[in-house]
Amino acid sequence: AFNGTWKVDRSENYDKFMEQMGINLVKRKLAAHDNLKITLEQDGDKFHVKEVSTFRTLELAFTLGVTFEYSLADGTELSGSWVMEGDALKGSFVRKDNGKTLTTVRNIVGDELVQSYSYEGVEAKRIFKRA
Ligand code: MYR
């Protein structure tokens with residue numbers, strides 16, 4: 001169900017979320033228009049991800065339940081994993097710089113992919129449409 005290429009359509013509370021993450025105004029303004037595109041390919045419990053934005057292009061792979069490393073576009077390093085709960089992908093990632101946890105959930109809602117983010121009491125969503 002997650003398979004395919006998803007292009008960000010809109011965001012909710014994403015600026016506040018990035019502010020809580022400690023991202024400065026200039027970077028937040030750029031990130032608001034990052035044209036993020038994510039391609040997901042699932043094969044059993046393995047996922048291959050291609051991420052393309054105005055900041056960078058990167059590819060990674062992860063296995064459900066297995067910890068991996070991921071860096072945000074600003075260089076912030078995270079370590080964590082995704083698990084499947086029902087039809088939802090749930091991620092829990094710890095920031096290496098401060099030990100705080102960022103959680104994120106991917107859900108298919110209608111024909112959209114909704115990704116929710118939570119960090120230190122602030123929640124945001126980014127909603128993607130099939131590219
Ligand atoms: C992937 O499945 O796309 C790779 C792993 C993603 C890890 C968690 C993503 C959190 C992104 C937070 C973005 C907000 C930055 C302030």
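The chain has two helices and ten strands, and the structure shown is a predicted model. Along the sequence these elements follow the pattern β-α-α-β-β-β-β-β-β-β-β-β. The chain has a radius of gyration of 14 Å, close to the 14 Å that the globule rule gives for 131 residues, so it is as compact as a globular protein of that length. A ligand sits in the largest pocket, and 16 residues surround this ligand.

**Overall fold and dimensions**

- The pattern opens with a strand, continues with two helices and then runs through strands to its end.
- The C-alpha trace of the chain spans about 40 × 30 × 25 Å along its principal axes.

**Composition of the ligand shell**

- Of the 16 residues around the ligand, those that come nearest are Ile-23, Phe-62, Trp-82, Phe-93 and Arg-106.
- The shell comprises 15 nonpolar residues and one charged residue, with no polar residues.

**Secondary structure elements that supply the shell**

- At least two shell residues come from each of four elements, namely helix H1 (14-20), strand E4 (57-63), strand E5 (68-71) and strand E8 (101-109).
- Helix H1 provides the largest share of the shell, with three residues.

**Polar contacts and burial of the ligand**

- An N or O atom in the side chain of Arg-106 lies 2.7 Å from an oxygen atom of the ligand.
- For Trp-82, an N or O atom of the side chain is 3.1 Å from an oxygen atom of the ligand.
- The ligand taken alone exposes 480 Å², and the protein buries 93% of that area.

**Summary of the binding site**

- The ligand occupies the largest pocket, where its shell is made up of 15 nonpolar residues and one charged residue.
- Both Trp-82 and Arg-106 are among the residues that come nearest to the ligand; the side chain of Trp-82 places an N or O atom 3.1 Å from a ligand oxygen, and that of Arg-106 places one at 2.7 Å.

Notes: Residues numbered from 1 in each chain as written. Predicted model: local features only at pLDDT ≥ 70, side-chain atom pairs only at ≥ 80, totals over all residues. Heavy atoms only, no water. Near = heavy atom within 4 Å. Polar contact = N/O pair within 3.5 Å; in protein donor to acceptor, adjacent residues only side chain to side chain. Areas by Shrake-Rupley, 256 points an atom, 1.4 Å probe, with all protein chains shown as cover. 1 Å grid on protein atoms, 1.4 Å probe; cavity = no way out; pocket = protein on both sides within 12 Å on 5 of 7 lines; lining within 4 Å. Sits in = over half its atoms within 2 Å of the grid points. Nonpolar A, V, L, I, M, F, W, Y, C, P; charged D, E, K, R; others polar. Rg over C-alpha atoms; globule rule 2.2 N^0.38 Å.
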